[in-house]
Amino acid sequence: MKLLNIEVVLNRQKDIQQAEPERDILEERDDSTTSYVILSHRWGVEITYEEMIGLMTLEDRKRDEVWNRYGYQKIMKGCEQAKEDGYKWLWIDTCCIDKRSSAELSEAINAMYRWYQNAQVCYAYLNDVGESVFPTEWDNSKFGLSNGWPEWFMRGWTLQELIAPEQVEFFNKDWVYIGNKQRLAPTLQDITGIPRDVLTHGLAGKRLSVAQIMSWAARRVTTREEDRAYSLTGLFGVHMPMLYGEGKNAFRRLQLEIIKGTGDHSIFAW
């Protein structure tokens, strides 16, 4: 996997003139032997892989635009928090995957559950939470567009990002720490329908039906129709090629792969 070198990111931001151009901002590392932080978030106006690696070559006006972008500030805050916590590497899906390469994108999606699982900690950034405490009660006045809870809980990809990592720490929009998965498990169970034991100890060794796991995703949404299926592959241990443009056929392929691996026909309830 390609990880951001936190020291290089932060030093480059301090002084673009003094930054070392020969130091790679992204480095290929082994997720099984590297201690790294992984970020889970709701996408907004983000920074791409090519912008991240080519920032020093941009003209001043374009570089300033990237620096001031919401997605770049999110990366910077994530790196600052990770450095404070003693880490050297960070992964975020916006700029750590070269999405110009369909092969790299497909490989990353198939490996993503493992990457979240192997991370030392996952920072879950709740961009629509302004308070310095985790929201523990349904509130449609604050979160009317996401069924009364922070939008992060309504997105398809964040389901595996909540379950896979052993440690998940939640931050509000100002990067104030507001709790962790272990302590918040009872509330998270109420929000997501995921049993507390799964939240605190993961899926390993659990005898869960396919339909039960599918039910956790029922109210979640994805921007691309295909991602409704692709975002579930890791939860079921399925590996399949990503074919953006196939539409609903992605979910049919997922069903067939799950049947091959489990023989559990409860999936056809979905």
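Does Tyr-123 count as buried or exposed, and at what relative accessibility? In this predicted model, Tyr-123 counts as buried, because its relative accessibility is 0% and the buried class covers values under 20%.

The surroundings of this residue introduce the aromatic side chains of the structure, which holds 13 aromatic pairs. In one of them, the ring centres of Tyr-123 and Phe-171 lie 5.1 Å apart with their planes at 70°, so the pair is edge-to-face; planes over 60 degrees apart fall in that class. The two partners come from distant parts of the chain, 48 residues apart: Tyr-123 belongs to strand S5 (residues 121-125) and Phe-171 to strand S6 (residues 168-171). Phe-171 likewise counts as buried, at 1% relative accessibility. Both rings also belong to one aromatic cluster, formed by Tyr-123, Tyr-125, Phe-171, Trp-175 and Tyr-177.

A further pair joins Tyr-230 and Tyr-244, whose ring centres are 5.1 Å apart and whose planes stand at 85°, so this pair is edge-to-face. Here too, distant parts of the chain are linked: Tyr-230 lies in helix H10 (residues 227-230), whereas Tyr-244 lies in the loop between H10 and helix H11 (249-262), 14 residues apart. With a relative accessible area of 0%, Tyr-230 is buried, while Tyr-244 is partly exposed at 30%. An aromatic ring can also face a charge, as Phe-251 shows: the charged end of Arg-228 sits over its ring, 4.5 Å from the centre.

Attention now turns to the charged side chains. A search of the whole structure finds 16 salt bridges. Among them is the bridge between Arg-42 and Glu-151, in which the closest N and O atoms are 3.0 Å apart. Arg-42 is found in the loop between strand S3 (37-40) and helix H2 (49-53), and Glu-151 in the loop between S5 and helix H6 (158-163), so the pair ties together parts that are 109 residues apart in sequence. Glu-151 is partly exposed, with a relative accessible area of 25%.

Another salt bridge lies within a helix. The side chains of Glu-65 and Lys-62 meet at 3.3 Å, N to O; these residues are separated by about one helical turn because they are three residues apart in helix H3 (residues 60-67). Glu-65 is partly exposed at 36% relative accessible area, and Lys-62 is partly exposed at 32%. Both residues take part in a network of salt bridges that links Glu-51, Lys-62, Glu-65 and Arg-69.

Finally, Asp-197 and Lys-206 form a salt bridge at 3.7 Å, N to O. Asp-197 counts as partly exposed at 40% relative accessibility, and Lys-206 is partly exposed with a relative accessible area of 24%.

Notes: Residues numbered from 1 in each chain as written. Predicted model: local features only at pLDDT ≥ 70, side-chain atom pairs only at ≥ 80, totals over all residues. Heavy atoms only, no water. Phe/Tyr/Trp six-rings, centres within 6.5 Å; stacked < 30°, edge-to-face > 60°. Helix = DSSP H or I, 4+ residues; strand = E, 2+ residues; numbered from the N terminus. Buried < 20%, exposed > 50% of the residue type's maximum accessible area, 1.4 Å probe, protein only. Lys NZ or Arg CZ within 6 Å of the ring centre and 35° of its normal. Salt bridge = Lys/Arg side-chain N within 4 Å of Asp/Glu carboxyl O.
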